[in-house]
Amino acid sequence: MLSPGDDFSDDPGPRDACGVFGVWAPGEDVAKLTYFGLYALQHRGQESAGMAVSNGERIMVFKDMGLVSQVFNEATLNSLKGYLAIGHCRYSTTGASTWSNAQPTFRGTEQGGMALAHNGNLTNTDELEEWLAGEIAESDVPRKNQMDSTSDTALVSALLSVYSGQGLRAAALQVLPRLAGAFCLVFGNEKTLFAARDPQGIHPLVLGRLEHGWVVASETAALDIIGATLIREVEPGELIWIDESGLNSTRFAEADPKGCLFEYVYLARPDTLIAGRRVHAARVEIGRTLALECPVDADLVIPTPESGTPSAIGYAEASGIPFGLGLVKNSYVGRTFIQPSQTIRQLGIRLKLNPIRDVIEGKRLVVVDDSIVRGNTQRALVKMLREAGAAEVHVRISSPPVQWPCYYGIDFASRAE
C-alpha cells in the first residue's frame with residue numbers, strides 16, 4: 001500500500017490503521033525479531049515505525065517517520081537490548097502524520113513505565129476525553145503529562161497510566177470495557193507483555209509460540225517470518241498477558257464477532273491466515289464467485305497487479321477463459337520523494353502500470369481488480385488498454401460496492417468519499 005501523496009493516479013486505495021507486534025522471549029534478540037515482524041507488516045502502514053524494548057528494569061523507545069527499513073539500522077537494533085519488545089508501523093486515521101503521533105507511545109506510571117501500540121480506530125474519543133479530564137482534575141497529575149499527541153492511542157495510554165496504581169492488568173480491566181470501536185492493542189511494562197482485541201474482533205490479532213517465548217502480531221505472516229508457530233487468534237474481548245509465569249488470559253467483554261471484510265479483500269497479505277482461512281484462497285474463491293455472477297464472453301482474463309491477481313485467477317478458473325499477464329507494475333512507485341513533472345503527471349497511471357501490447361492487442365479482455373474507491377484508476381486503465389489495442393475491455397471488481405463510511409480504521413469516514 002502506498003503512502004499519502006505517492007499514488008499519482010489520484011485514486012489511492014483504502015488504507016488501514018497500522019500493524020502491531022509484540023514479543024516476550026528471554027535469551028532472544030527481541031529487537032531484531034520485532035524488526036522483521038514489522039517488515040512483514042509494512043503493508044499495513046508506511047508513515048512511521050517504532051519499537052519499545054525492555055530489559056526488565058527500563059524501557060527504551062525508538063521511533064521515527066518512514067518505512068521500517070529507513071527507521072532502523074544495525075547499530076540502532078544492537079542498542080535495544082532486552083527480552084520484551086513492542087513494535088508498530090503506522091498509517092494515521094486519527095491524529096496527524098507527525099513524529100509525536102508515531103508509536104509505540106510511552107507513559108510513566110506509578111509503578112514504572114508503559115509502552116503501547118494500537119491498530120484500529122476508536123469511535124467514542126469525546127467520551128473518553130471527558131472521562132480522562134475528570135480523572136486528572138481529581139488527581140495531582142498535570143494534563144500535559146498525560147496527553148502529548150492527537151491520536152486515540154495517546155488517549156488510551158493516558159487512561160491506563162491514570163489507573164495504573166494497582167498494576168497494569170487492573171488498569172486494563174478498568175479501561176478496556178469503556179473503549180468503543182476497533183482496537184488491537186499490544187502494550188507492556190518492564191516485565192509483562194499484554195495484548196487485547198475489541199469485542200467485535202474487527203481487525204486480526206494472533207498469538208504465536210517461539211521455542212523460548214511468545215509473540216503477538218496483526219497477521220500470521222509476521223509469525224512466519226520469525227519462525228514462530230501459530231497458536232490461535234487473540235479472541236474478541238480477550239486480554240492476554242505474558243510474563244515469567246507464562247501465558248495468562250481473561251475476558252473484559254463478551255465476544256460479538258464482526259470482522260472487517262476489507263481484510264480479505266485488500267488489507268491483509270495474501271499469505272496471512274484469518275479465522276482459519278488463507279487470504280489468498282479467499283480472494284481466489286471470490287474471483288470464482290464473480291465469474292458466476294458476472295460472466296462475459298472474452299478472450300483473456302488479466303489482473304490489475306498485484307491486488308487483482310488472486311481474484312483474476314479464480315475468475316479464469318471458473319469461466320474457462322485463459323489467464324494472462326497483460327500489465328506490468330512498477331513496484332517502486334511510492335518509494336520516491338521526487339514528485340513527477342506536469343508532463344509525466346499527465347501520463348497518470350503509467351507511472352504504476354504499463355500494458356504488454358503483444359498480449360492484449362486485438363483481444364477481448366476481462367480486467368479484474370479488488371475494489372473501486374473513487375474510480376479514477378479504472379477509467380484511466382480502460383483508456384490505456386484501448387490505446388494499446390484491446391478490442392473490448394470488461395472491468396470486473398471482486399469486492400462488493402463500497403457504499404457506507406467506515407469508522408474502524410479505514411480512511412473513508414464520510415459517505416462523500
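This passage walks through the overall make-up of a predicted model, then its aromatic pairs, its salt bridges and one of its sheets.

The protein holds 13 helices and 20 strands. Of its 417 residues, 55% are buried. Contacts between parts of the chain that lie well apart in sequence are a good place to begin: among contacts with a separation of 6 or more, 68% are between residues 24 or more positions apart. The side-chain pairs described below give concrete cases to look up in the structure.

Aromatic side chains come first. In total, eight aromatic pairs are found. One of them joins Trp24 and Tyr83 in an edge-to-face arrangement, with the ring centres 5.9 Å apart and the planes at 85 degrees to each other. Trp24 belongs to strand β1 (residues 18-24), whereas Tyr83 sits in the loop between α3 (74-79) and β4 (84-90); the pair therefore ties together parts of the chain that are 59 residues apart in sequence. Both partners fall below the 20% cut-off for a buried residue: Trp24 is buried at 10% relative accessibility, and Tyr83 is buried at 17%.

A further edge-to-face pair is made by Tyr35 and Phe72, with 6.3 Å from centre to centre and 90 degrees between the planes. Here, too, distant parts of the chain are linked, since Tyr35 lies in helix α1 (residues 30-40) and Phe72 in the loop between α2 (68-71) and α3, 37 residues apart. Tyr35 is buried, with a relative accessible area of 13%, and Phe72 is buried at 4% relative accessibility. These two residues also belong to a wider group: Tyr35, Phe36, Tyr39, Phe62 and Phe72 form one aromatic cluster. Elsewhere, a charged side chain meets an aromatic ring, as Arg178 lies over the face of Trp131 at 3.9 Å from the ring centre.

Attention now turns to charged pairs. Across the whole structure, the search finds eleven salt bridges. Helix α1, already met through Tyr35, takes part in one of these through Lys32, whose side chain meets that of Glu74 at an N to O distance of 2.4 Å. With Lys32 in helix α1 and Glu74 in helix α3, the bridge ties together parts that are 42 residues apart in sequence. Both residues are partly exposed, because their values fall between the 20% and 50% limits: Lys32 has a relative accessible area of 24%, and Glu74 has a relative accessibility of 48%.

Arg44 and Glu219 form another salt bridge, at 2.7 Å from N to O. Arg44 lies in the loop between α1 and β2 (48-54) and Glu219 in the loop between β10 (213-217) and α7 (220-225), so this bridge connects parts that are 175 residues apart in sequence. Both Arg44 and Glu219 are buried. A third example is the salt bridge between Asp256 and Lys258, whose closest N and O atoms are 2.5 Å apart. Asp256 is partly exposed at 35% relative accessibility, and Lys258 is partly exposed at 47%. Salt bridges with shared partners also build a network, which joins Arg44, Glu219 and Glu263.

The last topic is a sheet. Three strands make up an open sheet in the order β16-β19-β20, with parallel pairing. Its edge strands are β16 (300-303) and β20 (392-397), each of which pairs on one side only. From one strand to the next, the twist averages 25 degrees. Strand β19 (residues 364-369) and β20 run parallel and are joined by six bridges. For a reader tracing this pairing on screen, Val368 stands opposite Arg396 in β20. Helix α10 (residues 309-319) packs on the sheet and touches β16, β19 and β20, and the direction of α10 makes about 165 degrees with that of β16.

Definitions and conventions. Residues are numbered from 1 along each chain as its sequence is written. This is a predicted model: local features need pLDDT of at least 70, side-chain atom pairs count only at pLDDT 80 or more; totals for chains, interfaces and linings use all residues. Side-chain values use heavy atoms; hydrogens and water are left out. Rings of Phe, Tyr and Trp (its six-membered ring) pair if their centres lie within 6.5 Å; planes under 30 degrees apart count as stacked, over 60 as edge-to-face and the rest as tilted. Helices (H or I, at least four residues) and strands (E, at least two) are DSSP runs, numbered from the N terminus. Buried means under 20% relative accessible area, exposed over 50%, partly exposed in between (1.4 Å probe, protein chains only). A charge sits over a ring if NZ of Lys or CZ of Arg is within 6 Å of the ring centre and within 35 degrees of the ring normal. A salt bridge is a side-chain nitrogen of Lys or Arg within 4 Å of a carboxyl oxygen of Asp or Glu. Two strands pair if DSSP finds at least two bridges between them. Axes are lines fitted to C-alpha atoms, for helices over the stretch in contact, and angles run from 0 to 180 degrees between N-to-C directions. Contact means heavy atoms within 4.5 Å.
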